[in-house]
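Subject: Handing over a structure

Hi there,

I am passing a structure on to you, and I hope you enjoy looking through it. Please open it first, and then read my notes below alongside it.

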Amino acid sequence: MSSLKKILAIIGLLVLVVVGYMIYGTFINPKSPKGVANFEKEDLTVEVVYHRPYKKERLIFGAKEDKALVPYGEYWRLGANAATTFETSKDIAFAGRMLKAGIYRMYAIPEADHWIVALNEEAGKFGYSEPDYNKDVMRVNVTAAKLLTPIEQFTIELKEDGENLTLHMRWDTTAVAIPLN
């Protein structure tokens with residue numbers, strides 16, 4: 001009976017170590033830290049919450065056969081860890097299409113020259129699994145531009161230029177801009 005207790009104690013200790021490591025790596029000291037892009041003006045608040053992975057000398061966007069981290073034509077959660085969320089306090093135009101106020105899961109399907117960026121009703125989900133595509137609120141096709149200088153860490157920003165607000169996403173040598181009005 002004592003050998004069974006020892007085995008169970010060892011298994012319990014191993015489970016505790018694994019769970020502790022996962023909690024530490026995901027929440028306390030994540031390899032891809034949390035990022036927040038905010039915009040506030042008058043009665044409009046827009047916020048994007050995401051996690052910011054690093055390039056670390058990897059091929060970021062490209063063909064699956066080339067072992068790209070984000071293969072063309074496949075779901076990408078727009079960052080790492082949890083799914084990226086997009087929140088607006090009032091109805092806005094998202095890439096020229098009307099979007100009702102609310103919180104959405106935002107993801108992309110990158111291609112070499114364009115991305116399909118989608119907003120989905122499943123906000124608050126973990127990002128590893130693909131969303132229920134039937135719950136997509138909208139999908140927009142946006143042009144992907146090439147950057148001359150690579151960006152080491154995935155970055156999302158909300159920038160105002162006069163009366164125009166734009167959502168910018170940049171990583172490695174790729175940039176995407178989505179007008180929000």
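A good place to start is Ser32, which sits in the loop between α1 (2–28) and β1. Please keep in mind throughout that this is a predicted model. Is Ser32 buried or exposed? Its relative accessibility is 9%, and with buried meaning under 20%, Ser32 counts as buried. Setting aside neighbours within four places in sequence, Ser32 is in contact with His51, Arg52 and Pro53, and also with Ala80 and Asn81.

Next, the aromatic rings. How many aromatic pairs does a search of the whole structure find? The search finds eleven. One of them joins Phe61 and Trp115, with 5.5 Å from centre to centre and 50° between the planes, and this pair is tilted. Phe61 belongs to strand β3 (residues 61–62) and Trp115 to strand β9 (residues 114–120), so the pair ties together parts that are 54 residues apart in sequence. Phe61 and Trp115 are both buried.

Trp115 also pairs with Trp76: the ring centres are 5.8 Å apart and the planes stand at 90°, so this pair is edge-to-face. Because Trp76 is in the loop between β4 (70–71) and β5 (84–88) while Trp115 is in strand β9, the pair ties together parts 39 residues apart in sequence. Trp76 is buried, at a relative accessible area of 7%, and Trp115 is buried too, at 2%. If you would like to colour one group of side chains, try the cluster that ring pairs make from Tyr50, Phe61, Trp76, Trp115, Phe154 and Trp171.

Now to the charged side chains. Side chains of opposite charge can pair when their charged atoms come close. There are eight salt bridges in the structure. In one of them, the side chains of Lys55 and Asp172 meet at 3.3 Å, N to O. This pair links distant parts of the chain, with Lys55 in the loop between β2 and β3 and Asp172 in strand β11, 117 residues apart. Both Lys55 and Asp172 are buried.

Which residues are linked with Glu157 in a network of salt bridges? They are Lys159 and Arg170. The side chains of Glu157 and Lys159 meet at 3.7 Å, N to O, and those of Glu157 and Arg170 at 2.6 Å, N to O. Arg170 is in strand β11 and Glu157 in strand β10 (residues 136–161), so their pair ties together parts that are 13 residues apart in sequence. As for accessibility, Lys159 is partly exposed at 41%, Glu157 is partly exposed at 25%, and Arg170 is partly exposed at 24%.

Last, a word on a pocket. The second largest pocket has a volume of about 240 Å³. It is lined by 15 residues, of which Phe39, Lys41, Leu44, Glu160 and Glu163 are the closest to its centre. At least two lining residues come from each of β1 (34–41), β2 (44–51) and β11 (164–180), and β11 gives the largest share, three residues. Sorted by class, the lining of this pocket has six nonpolar, six charged and three polar residues.

That is my tour, and I hope it helps you find your way around.

Best wishes

Definitions and conventions. Residues numbered from 1 in each chain as written. Predicted model: local features only at pLDDT ≥ 70, side-chain atom pairs only at ≥ 80, totals over all residues. Heavy atoms only, no water. 1 Å grid on protein atoms, 1.4 Å probe; cavity = no way out; pocket = protein on both sides within 12 Å on 5 of 7 lines; lining within 4 Å. Points joined across faces, edges and corners; volume = space filled by probe spheres on them. Helix = DSSP H or I, 4+ residues; strand = E, 2+ residues; numbered from the N terminus. Nonpolar A, V, L, I, M, F, W, Y, C, P; charged D, E, K, R; others polar. Phe/Tyr/Trp six-rings, centres within 6.5 Å; stacked < 30°, edge-to-face > 60°. Buried < 20%, exposed > 50% of the residue type's maximum accessible area, 1.4 Å probe, protein only. Contact = heavy atoms within 4.5 Å. Salt bridge = Lys/Arg side-chain N within 4 Å of Asp/Glu carboxyl O.
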